[in-house]
Amino acid sequence: MSQDGNGDPVLPAGDSDWDSTRSARLYGIDDWGAGYFNVSERGEVQVTTEVDGQPVSVSLMDIVQGMHARDLHMPAILRIRNLLDHRIKVLNETFARAIEQGGYQNCYRGVFPIKVNQQCHVIEEIAEYGRRYSHGFEAGSKAELIIGLSQLQDLNGLIICNGYKDAEFIELGLYARQMGVSCFFVLETASELATIIEHSRALNVEPLIGVRIKNTVAVDGYWSQDSGDRSIFGLSTAALMAIVDELREAGLLHCLQLLHCHLGSQIPNIRNVRNGVLEACRFYAGLVQEGAAMGYLDLGGGLAVDYEGTRTNSTHSMNYQLEEYCVNIVESIRETLDPLDIAHPVIVTESGRATVAYSSMLLFNILNVGHNGPSAAPEQPPPDSSDTLHNLYAVRAGMTLKNLQECYNDALFYRDELRELFHHGGATLRERAMAEDVFREIMQRLSCMLPQLDRVPQELQALPEELSDVYYGNFSLFQSLPDIWAIDQLFPIMPIHRLAQKPERAAILADLTCDCDGKIDRFSMPDGNCSTLPLHSLVPGEDYYLGVFLVGAYQETLGDLHNLFGDTNVVNVAIQADGSFDFACEFQGDSIADVLSYVEYEPKQLQEKFRLAAEQAVRNGKISLADRQKILQAFRESLHGYTYFEKH
Ligand SMILES: *Cc1c(COP(=O)(O)O)cnc(C)c1O
């Protein structure tokens, strides 16, 4: 039985042997944390990063305290700048090592796809830190091109333009060419070429041209439809040939220098990567044989993140390490091109997810727990109650391991029978309440006995989940974790403190939106995906904080204003060599006035309308003038407050 007085045992509790290493194992943090996250002896999640070649660890709770002291409350996105730097470093250095060890005769040039995280401070950091590696940007729209061009700090860095390009887009790219930027137009359709040729003639600038092919390699994972014949992106082979002919006719075949392919995001299986590269190399060789200048092979994104920490080829994992990825690419290119005597191209990848996922996490506090609580039913049914209620009590009294399924069926039957009675006026509201309470108690006991069975009957398998607690978190799934809702993404989630104690509850998470989709009920645990998350009981008067990790990719800008919960507070922290940390940037999240103006309300007007209503109430004698002032003040303060739950 659990010791929190609720009487509803969920996991065996009161384990005095528990310590933080067991929590670490329970949540698999050493598997998905990639060495960046671990549990300290104190039982807190800490982030570890390299500063001046030395590992430095900081407790997330210390950062949370620093945030509160600066009036930056939960929920908040915490970005650790050092982790972003480290990802760029390992990506570039691992490729450099693979290139050197493989005797590859060219270099690696990474580009960051801006769509994966467009936030200014993320992009600025990538530009600044990436400069030493000539790390560039990939832009999929005019707005992203503008970001890329203005942020790029090193002319050796590439700007790769994908997506549809109108005349304005093309002109901007050509001006960048004039300024010496290696700005590539990647053709995804044949129709853009005419505009490019026309404008480059008018401006007298030679364009750098790439072609995006369709890989026919089938890819595992969620985005498998991005690749293969059914991909909506990329040129058919016939369209590719038409482009080559058109360029040749225009005397611009030497401008065709890059082959682009993107197998899809989060490729969990290294075999797919290898096959994709091999196929791309055949296309590359074919274009060289056609007389195109070439020189760059852009393999797109796809480098995965092991959200589960299982190192498997399951959708949210990956069965390879970065080093294997780099070596496979380098080797595959050599194997294909060396026999054909084709010079090694510059290797380009557009790794987004693997670059930014680690550096951001969402932190939030728990507001409340909806216990699937203890039974308040009396020990015995009142003597004058219906037979149905007596029968239900009898089921409870007669439960053994041998008759679980029967007890389940009977309990269900009598509960429904009592509801039916109530429906026709044959049972009182109190009797119905008693019946439902006893029923729940039976289910809870059943659920506790399940682990002792050799085989759990199908019908009973969902019981533990149905009986789990609901922990209400101060966040919006739709704003901060849209991929959980949209594509069933799994992110590691765990408490960031109290980990020296055993988490004795089994919970699902609900957010602040009153939407039934605003919940998290799939968690990746080391022994398989699980429908509940182990959590600690709340301690009255104490905050309880959870972290959702590896959320730096795709989450920040896909989020929406469901129920008008706006952007969260954001802090960027830089960890120093002595273990201290700076709040390098802090941003207040949206106020209520901000989100209202996004949906075309004018906050001043709202205030004025409310003032008129208050004035009317004064005239009608409903409130005093002093009340009016107080009420208007409260309205104004709300308007400028945070959209999330605030403690006053
Ligand atoms: C989305 C996208 C990427 C980024 O993919 P990741 O898997 O996040 O690295 C790269 N290139 C293109 C063309 C994309 O559409």
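**Exercise 1. Find a backbone contact between Arg353 and the ligand, then describe the ligand's surroundings.**

Step 1. A backbone N or O atom of Arg353 lies 2.9 Å from an oxygen atom of the ligand. That is a polar contact (a pair of N or O atoms within 3.5 Å; within protein, one must be able to donate a hydrogen and the other to accept it, and residues adjacent in sequence count only if both atoms are side-chain atoms). The model is predicted: local features need pLDDT of at least 70, side-chain atom pairs count only at pLDDT 80 or more, and totals for chains, interfaces and linings use all residues. Residues are numbered from 1 along each chain as its sequence is written, and side-chain values use heavy atoms, with hydrogens and water left out.

Step 2. Gly302 also offers a backbone N or O atom, 2.9 Å from a ligand oxygen. Ser265 uses a polar side-chain atom, 2.5 Å from an oxygen atom of the ligand.

Step 3. Take the cover. On its own the ligand has 390 Å² of accessible area (Shrake-Rupley method, 1.4 Å probe; for residues, only the protein chains shown count as cover). The protein covers 92% of that area.

Step 4. List the shell. It has 17 residues (a heavy atom within 4 Å of the ligand). Lys115, Ser265, Glu350, Gly352 and Tyr554 are the closest.

Step 5. Sort by class. The shell has 3 nonpolar, 9 polar and 5 charged residues. Asp, Glu, Lys and Arg count as charged; Ala, Val, Leu, Ile, Met, Phe, Trp, Tyr, Cys and Pro as nonpolar; the others, Gly among them, as polar.

**Exercise 2. Which geometry does the pair Phe610 and Phe635 have, and which parts does the pair tie together?**

Step 1. The structure holds 18 aromatic pairs (Phe, Tyr or six-membered Trp ring centres within 6.5 Å; planes under 30 degrees apart are stacked, over 60 edge-to-face, the rest tilted).

Step 2. The centres of Phe610 and Phe635 are 4.2 Å apart and the planes are at 10 degrees, so this pair is stacked.

Step 3. Phe610 is in helix H21 (residues 603-619) and Phe635 in helix H22 (residues 625-639), so the pair links parts 25 residues apart in sequence. Helices are DSSP runs (H or I, at least four residues), as are strands (E, at least two), numbered from the N terminus.

Step 4. Phe610 has 30% relative accessibility and counts as partly exposed (buried is under 20%, exposed over 50%, partly exposed in between; 1.4 Å probe, protein chains only). Phe635, at 24%, is partly exposed.

**Exercise 3. Is Thr513 buried or exposed?**

Step 1. Thr513 sits in the loop between strand S16 (505-510) and strand S17 (519-520).

Step 2. Its relative accessibility is 5%, so Thr513 is buried.

Step 3. The side chains of Thr513 and Asp511 share a polar contact of 2.7 Å.
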